[in-house]
Amino acid sequence: SGIARTEAVITVRQQGYIICSQSVPPGPYALTNLSGVSSGDLEVTVREDDGSEKVDVYPVSILPSLLRPGHLNYSFAAGRKALRGGDLVDYGGTFALAAADYGMTLFTLNTSVLFDKNYQNMGTGVTRSFGSWGAISASGNMSNSTRLSGDELRGYTLSFKYAKNVLKDTTLQIAGYRYASQDYIDYVDYYPGIDGGKGIKNRLEAFMTHRNDRTLYSGSIWRQNDWEGKAGVGASLRMSHPVGAVTVTANLNYGVVQNRQDQAGNKTLSAGLSFSLPLSYFERRAHNTTSLSASRGGEFTATSNVSGMLTDRTRYTVNAGRSQSGVNTYASLSHGFDAVNTSVSVSDSAGHRTIAGSVSGSVVQAGDSRPVFTRIRNETVAVVDTEGLSGARFGRSQADSNGNAVVTLTPY
């Protein structure tokens, strides 16, 4: 917000990209509907009618759970939980999940609930932006789980996250802390016939990125303790830099987990190098990524992936890799129709072959429009009414027989 002396053009940029340009009359103005904003400085340029310019910089820090006031995100899911071997659970494996986030003037309210015959979990939290001071979220969850023996375990967890744009090109993406009581169990780790509880007691972690010219650096550190007396620390570093048309990425990971009685601990160290380059054939573009990695124990892994488009709607992927466990191969082919996406894949890993297929899509209704069947599955979409202009194209979308098309939007 600000004051324009004359009829002016307000331009908002972030990381060199224009995300909004709007003409305003003389007097006070406020831009309240910015899209595509991420953590980082917003550069706001006010160009007056006489040609003079004024530039202001506003630091912005955003967490994924932050919404604009009045906006609502909700989701529902249901399914059956699979055992680690892949077999479906025969006892209380059916679950239902609901989550909702609502943006208020002072903060965003986050809620979730999950029900299973033998497991229940409820959670709530708040997220708030403090402008140049960053953004903070706090949440809590309670779980109630029942073992096959009839024993019940009740626990809770508390978590805090902080995001801050430290410098112009440096972002502290997430600094998080989580505490879990001894009997708290996440649903992903819950199996009625397997002993639970006594998992991670607390964990502190931080992620940071820094861009220097064309080179991107990122790193993370973590420290955790569990209820069985084990403590662990770890760190990772990653650098990505373009060399001509090839993007070279190097990464280094280190971690150590030790018992109170074992000062040496179990140490892990791995390093990797990958090359990403564009390909072209018959006026079609493709992409190749080749990765090499080695660990402290002497394990060496090499993988190569090629993906591209056969047509405007047909995509293919071919992947091959080799490690100590053997050779792994994977191939997939997908095609997007107006209403659904279809795909088929085959993989072979250490002699185990898997063939899979899928059909996916969405049904979208907005305002007075009729339901629109589309292959687009983004969380934020809009329905464009072309007033009966069937077949009109909007990027990946095409208007149906009623003249309605679904297009993607950028969330907060």
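Trainee: How many salt bridges does the count come to?

Mentor: The count comes to five salt bridges. Please bear in mind that the model is predicted.

Trainee: What makes the pair Arg154 and Glu152 a salt bridge?

Mentor: The side chains of Arg154 and Glu152 approach to 2.8 Å, N to O. The rule asks for a side-chain nitrogen of Lys or Arg within 4 Å of a carboxyl oxygen of Asp or Glu, and therefore the pair qualifies.

Trainee: Why is Arg154 called exposed, and why is Glu152 called partly exposed?

Mentor: Arg154 has a relative accessible area of 59%, and exposed means over 50%, so Arg154 is exposed. Glu152 stands at 43%, between the limits of 20% and 50%, and is therefore partly exposed.

Trainee: How do you know that Arg203 and Glu205 form a salt bridge, and why are both residues called partly exposed?

Mentor: The closest N and O atoms of Arg203 and Glu205 are 3.1 Å apart, and the limit is 4 Å. Relative accessibility is 25% for Arg203 and 24% for Glu205. Buried would require a value under 20%, and exposed a value over 50%, so both residues count as partly exposed.

Trainee: What makes Asp348 and Arg353 a salt bridge?

Mentor: The side chains of Asp348 and Arg353 meet at 3.5 Å, N to O, and the cut-off is 4 Å, so the criterion is met. Arg353 is exposed because its relative accessible area is 62%, against a threshold of over 50%.

Trainee: Why is Thr374 called buried?

Mentor: Thr374, in strand β26 (residues 372-374), has 5% relative accessibility; buried means under 20%, so the term applies. Leaving aside neighbours within four places in sequence, Thr374 is in contact with Asp338, Ala339, Val340, Gly361, Ser362, Val364 and Val406.

Trainee: How do you know that Thr374 makes a polar contact with Ile376?

Mentor: A polar atom of the Thr374 side chain lies 3.1 Å from the backbone nitrogen of Ile376. The limit for a polar contact is 3.5 Å, and therefore the distance fits the rule.

Trainee: Which residues make up the largest nonpolar core?

Mentor: Nine residues do: Ala4, Ala8, Ile10, Val12, Cys20, Val24, Tyr29, Val44 and Val46. At least two residues of this core come from each of β2 (8-14), β3 (17-24) and β5 (40-47). Strand β2 supplies the largest share, three residues. A second, separate core has seven residues, including Phe95, Tyr119, Leu153 and Tyr187.

Trainee: Why is Leu158 called partly exposed, and where does Leu158 lie?

Mentor: Leu158 lies in strand β12. Its relative accessibility is 40%, between 20% and 50%, so Leu158 is partly exposed. Leu158 also belongs to a nonpolar surface patch of about 600 Å², made with Met142, Tyr156, Phe160, Tyr177 and Leu204. Strand β12 (residues 152-167) gives the most to this patch, with three residues.

Trainee: Why does Phe130 count as partly exposed?

Mentor: Phe130 is at 39% relative accessibility, above the 20% limit for buried and below the 50% limit for exposed, so Phe130 is partly exposed. Phe130 is placed in the loop between β10 (119-129) and β11 (135-146). Not counting residues up to four places away in sequence, Phe130 touches Ala135 and Ile136.

Trainee: What does the secondary structure of the chain come to?

Mentor: The chain has zero helices and 30 strands. Of its 412 residues, 28% count as buried.

Methods
Residues are numbered from 1 along each chain as its sequence is written. This is a predicted model: local features need pLDDT of at least 70, side-chain atom pairs count only at pLDDT 80 or more; totals for chains, interfaces and linings use all residues. Side-chain values use heavy atoms; hydrogens and water are left out. Helices (H or I, at least four residues) and strands (E, at least two) are DSSP runs, numbered from the N terminus. Buried means under 20% relative accessible area, exposed over 50%, partly exposed in between (1.4 Å probe, protein chains only). A polar contact is a pair of N or O atoms within 3.5 Å; within protein, one must be able to donate a hydrogen and the other to accept it, and residues adjacent in sequence count only if both atoms are side-chain atoms. Contact means heavy atoms within 4.5 Å. A nonpolar core is a set of buried Ala, Val, Leu, Ile, Met, Phe, Trp, Tyr and Cys residues joined through side-chain atoms within 4.5 Å. Patches are made of residues with over 30% relative accessible area and no salt bridge: like charges are joined within 9 Å, nonpolar side chains (Val, Leu, Ile, Met, Phe, Trp, Tyr) within 5 Å. Accessible areas come from the Shrake-Rupley method with a 1.4 Å probe; for residues, only the protein chains shown count as cover.
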